[in-house]
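This briefing goes through one structure for a reader at the bench, moving from strand pairing to the core, the rings and the cysteines. Please keep the sequence and the structure in view while reading.

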Amino acid sequence: MIPIIDSSTPTNTPAAHRNTPAAAAPAVSDNGMESQFLQLLRTARKQDLNVLAKLLMPFIADHELKQLRIWGDKSRVHLDRATISVNDLLVNTRSGHVTIDEHCFFGHRCMLLTGTHDYRKTGMERLKAVPDEGRDIHVKEGVWMGSGVTVLGPAVIGKNAVVAAGSLVTGDVADNTIVAGRPAKPVKTIDGDAL
């Protein structure tokens, strides 16, 4: 069994001299006191923490694969019609709204990005030159995006469209159309007709 407390580390040893992550800011509970569990973790040896990390990593990885990540104003993300989990979708709302309709589904590591910078500027001015609106993304009903798709706003992804894995969408996609590539181009309609 792995000991939780390293009895070889005196409690009066400064945090910087211990082989623990104690130098980090203390985590406190609602009442302002650090939990007993966190106090015990701060006394654990590095080897024990490595074992704990290995035990927890599968659970953390599984959790991460199901987490929507939003960069920007969360109120600009409209999922009220979404009926399927969006997995680990990254949504950037810096320069617009993102709307996802019902029956849409996403592979892992997809990105819907409204944010942009003014390329005509340089240095810090370029970094700060970000429009506040005008680059909305709307993913309409029944869309399927394969893993690793990136959509740059403004864009409307039409009903029942399919975006192949790894594609880069830089504009609108017509209803019932399959697109692929970087940049994405139409390759087929859903009824089977080649384009």
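Two strands count as paired when DSSP finds at least two bridges between them, and by that rule β1 is joined to strand β3 (residues 90-92) through three bridges, the two running parallel. The model is a predicted one, and the points below should be read with that in mind.

**The sheet of five strands**

- Five strands form an open sheet in the order β1-β3-β6-β9-β12, and their pairing is parallel.
- The edges of this sheet are taken by β1 (69-71) and β12 (168-169), each of which pairs on one side only.
- Within the pairing of β1 with β3, R69 has L90 of β3 as its bridge partner.

**The sheet of four strands**

- A further open sheet holds four strands, again with parallel pairing, and its order is β2-β4-β7-β10.
- Because β2 (77-78) and β10 (155-157) stand at the edges with a single partner strand each, one side of each is left without a neighbour in the sheet.
- Strand β4 (residues 98-100) and strand β7 (residues 137-139) run parallel and are joined by three bridges, and in this pairing I100 lies opposite V139 of β7.

**Pairings of strand β13**

- Strand β13 (residues 177-181) runs parallel to strand β11 (residues 162-163), to which two bridges join it, and V163 has V179 of β13 as its bridge partner.
- Strand β14 (residues 184-189) runs antiparallel to β13 and is joined to it by five bridges, with T177 opposite T189 of β14.
- The connection from β13 to β14 is a hairpin of two residues.

**The nonpolar core**

- The largest nonpolar core has 24 residues, and those touching the most other members are I100, F106, L112, V139, M145, V151 and I157.
- Two or more residues of this core come from each of the elements β4, β7 and β10.
- Leaving aside residues up to four places away in sequence, L112 touches L89, L90, V91, N92, V98, I100, F106, I137, V139, M145 and V151.
- As general background, nonpolar side chains in soluble globular proteins tend to be buried together.

**Aromatic rings**

- How many aromatic pairs does the structure hold? There is one aromatic pair, and it is formed by F105 and W144, whose ring centres are 5.7 Å apart and whose planes meet at 15°, so the pair is stacked.
- This pair links distant parts of the chain, since F105 belongs to strand β5 (residues 105-106) and W144 to strand β8 (residues 144-145), with their positions 39 residues apart in the numbering.
- Both rings belong to residues that are partly exposed, F105 having a relative accessible area of 36% and W144 one of 42%.
- Elsewhere, the charged end of R120 sits over the ring of Y119, at 5.9 Å from the centre of that ring.

**Cysteines**

- A disulfide is a covalent bond between the sulfur atoms of two cysteines.
- With sulfur atoms required to lie within 2.5 Å of each other, the count of disulfides in this model comes to zero.
- Are C104 and C110 buried or exposed? C104 counts as buried because its relative accessibility is 2%, and C110 is likewise buried, with a relative accessible area of 0%.

Notes
Residues numbered from 1 in each chain as written. Predicted model: local features only at pLDDT ≥ 70, side-chain atom pairs only at ≥ 80, totals over all residues. Heavy atoms only, no water. Phe/Tyr/Trp six-rings, centres within 6.5 Å; stacked < 30°, edge-to-face > 60°. Buried < 20%, exposed > 50% of the residue type's maximum accessible area, 1.4 Å probe, protein only. Lys NZ or Arg CZ within 6 Å of the ring centre and 35° of its normal. Core = buried A, V, L, I, M, F, W, Y, C linked by side-chain atoms within 4.5 Å. Contact = heavy atoms within 4.5 Å.
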